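Reader: I'd like a close look at one part of this model, the four-stranded open sheet. Could you walk me through how that sheet is put together, and then follow the chain outwards from there?

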Amino acid sequence: MQAGDDPVVVWGTPAAHFCLGQHQSAAAELITDPHVPVIRRPLGGGGVWLDRHQACMVLIAPRDFFPNRTEGWYAHALAPMLQVYSEMGWAASLVQQDVWLNGKKLAGSGAATIGSAGVVGTSFLLKFPADEFTQLIAVPSAGFRSWLSAALQEAITSWSEHAPVPELAWLSLVYRRAATGIFGWRWEQAMLRDDERAARDEYRAELVPENDTPNRLVPHGIKINAQSFLTEQHFDGRWVRVLTQGQTIARVAMSHLPQLPEHSLTDIALTEAGLGAVLQDYLPAAVVPFWAQCILTTAHFADKP
């Protein structure tokens with residue numbers, strides 16, 4: 001693709017599979033022998049479950065279609081999607097590279113530069129089978145998997161929670177009308193030609209080798225959405241599990257401290273002294289600083305706005 005070429009939108013509903021980001025390792029992120037195909041995409045971001053309950057879109061356009069600063073790509077490329085939601089009467093908005101509705105993630109996206117083209121991928125999440133996603137994730141404990149399932153239910157929503165699932169043909173028309181109004185596009189529908197399919201398959205050569213990505217994208221855990229992370233780390237046979245929301249600890253557990261309330265650190269200053277003020281009611285004073293540091297070391301927080 002060269003400057004001045006027409007943009008292309010690839011639209012479809014995929015067969016069930018797990019899709020990892022460019023910089024993720026299947027060995028680190030997923031269980032051994034998952035029951036569905038696993039692919040890695042030439043785009044960034046975290047792992048996602050994809051199936052026929054999603055209408056996937058990949059916008060491919062010359063670099064000059066996009067804003068100069070990559071931070072602006074998502075707002076530009078996802079504008080038609082946001083208009084579709086607006087026409088549904090939903091006040092969806094962009095949170096970093098995700099689309100949120102009523103405090104929950106409604107759609108994710110990823111972007112990359114491939115050759116002379118910019119690429120942004122996303123999907124209309126019509127239904128979200130949280131259990132299908134959760135059971136494929138490599139976890140350090142059964143408790144982590146239970147928290148993961150609960151966190152996903154709290155943090156992610158789908159079209160089906162707000163309205164009946166639409167016909168895909170209708171959704172395609174509304175999206176294309178929105179994009180026409182925003183970008184002035186005229187649409188021509190076509191299937192990929194053989195040479196285009198061959199060019200598409202060349203993406204594998206640009207993937208970071210699996211062996212170069214041996215660690216999890218989020219150390220000791222996983223990203224729930226743009227504002228929330230779940231992590232667990234073990235220290236000499238004991239574990240600390242933390243769910244963060246923005247710059248706060250939304251939920252915490254320690255294997256040797258079952259009496260610690262899970263929400264006891266929600267409004268606490270994120271310092272050794274702040275955490276220690278709570279932990280001192282449950283631990284000997286001599287070990288409070290150590291376990292306060294274990295919590296801070298385990299927790300993963302969203303970037304500050």
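Author: Here is a walk that starts at that sheet and works outwards through its neighbours. Keep in mind that this is a predicted model.

Let's start with the sheet itself. Its four strands come in the order β1-β5-β10-β9, and the pairing is antiparallel. At the edges you'll find β1 and β9 (109-114), each with a single partner strand, so one side of each has no neighbour in the sheet. On average, and ignoring direction, neighbouring strands here are turned by 15 degrees against each other. Take the β9 end: six bridges hold β9 to β10, and the two run antiparallel. If you want a spot to check by eye, A111 sits opposite V120 in β10.

Two helices pack on this sheet. One of them, α3, touches β5 (54-62) and β10, and its direction makes about 20 degrees with that of β10. The other, α6, touches β1, β5 and β10; its direction makes about 160 degrees with that of β1.

Now for the aromatics, where the sheet comes up again. There are 20 aromatic pairs in the structure. In one of them, the ring centres of W11 and F124 are 6.2 Å apart and the planes meet at 55 degrees; edge-to-face would take over 60 and stacked under 30, so this pair counts as tilted. W11 belongs to strand β1 (residues 8-12) and F124 to strand β10 (residues 117-125), so the pair ties together parts that are 113 residues apart in sequence. As for how covered they are, W11 is partly exposed at 28% relative accessibility, while F124 is buried at 0%.

A second pair is made by W90 and W159, and that one is edge-to-face, with 4.8 Å from centre to centre and 70 degrees between the planes. Here both partners come from loops: W90 from the one between α3 (79-87) and β6 (93-95), W159 from the one between α5 (142-155) and α6 (168-183), with 69 residues separating them. W90 and W159 are both buried.

Rings also turn up under charges. The charged end of R251 sits over the ring of W147, 3.8 Å from its centre. Likewise, R241 lies over the face of W239, at 4.2 Å from the ring centre.

Back to strands: the loop with W90 leads up to β6, and β6 belongs to another open sheet. That sheet has three strands in the order β6-β7-β8, paired antiparallel. Its edge strands are β6 and β8 (104-107), each pairing on one side only. Neighbouring strands in this sheet are turned by 55 degrees against each other on average, direction ignored. Strand β7 (residues 98-101) pairs with β8 over three bridges, in the antiparallel sense, and L101 has K104 in β8 as its bridge partner.

Next, follow the chain on to helix α5, which holds L152. With a relative accessible area of 2%, L152 is buried; the cut-off is under 20%. Setting aside neighbours within four places in sequence, L152 is in contact with F128, A130, F133, T134 and I224. The last of those, I224, is 72 residues away along the chain, yet the two C-alpha atoms are separated by 6.3 Å.

That brings us to strand β11 (residues 221-225). Four of its five residues are buried, so β11 is largely enclosed by the rest of the structure. β11 forms a hairpin with β12, with two residues between the strands. The two pair in the antiparallel sense over four bridges, and K223 stands opposite F229 in β12.

From β12, the last stop is helix α9 (residues 288-298), whose buried residues are V288, W291, A292, C294, I295 and T298. They cover an arc of only 155 degrees around the axis, which puts them on the same side of α9. What do these buried residues of α9 pack against? Their partners are β12 (228-235), β13 (238-245), β14 (248-254) and α8 (272-279).

Terms used:
Residues are numbered from 1 along each chain as its sequence is written. This is a predicted model: local features need pLDDT of at least 70, side-chain atom pairs count only at pLDDT 80 or more; totals for chains, interfaces and linings use all residues. Side-chain values use heavy atoms; hydrogens and water are left out. Rings of Phe, Tyr and Trp (its six-membered ring) pair if their centres lie within 6.5 Å; planes under 30 degrees apart count as stacked, over 60 as edge-to-face and the rest as tilted. Buried means under 20% relative accessible area, exposed over 50%, partly exposed in between (1.4 Å probe, protein chains only). A charge sits over a ring if NZ of Lys or CZ of Arg is within 6 Å of the ring centre and within 35 degrees of the ring normal. Two strands pair if DSSP finds at least two bridges between them. Axes are lines fitted to C-alpha atoms, for helices over the stretch in contact, and angles run from 0 to 180 degrees between N-to-C directions. The arc is that of the directions from the helix axis to the C-beta atoms. Contact means heavy atoms within 4.5 Å.
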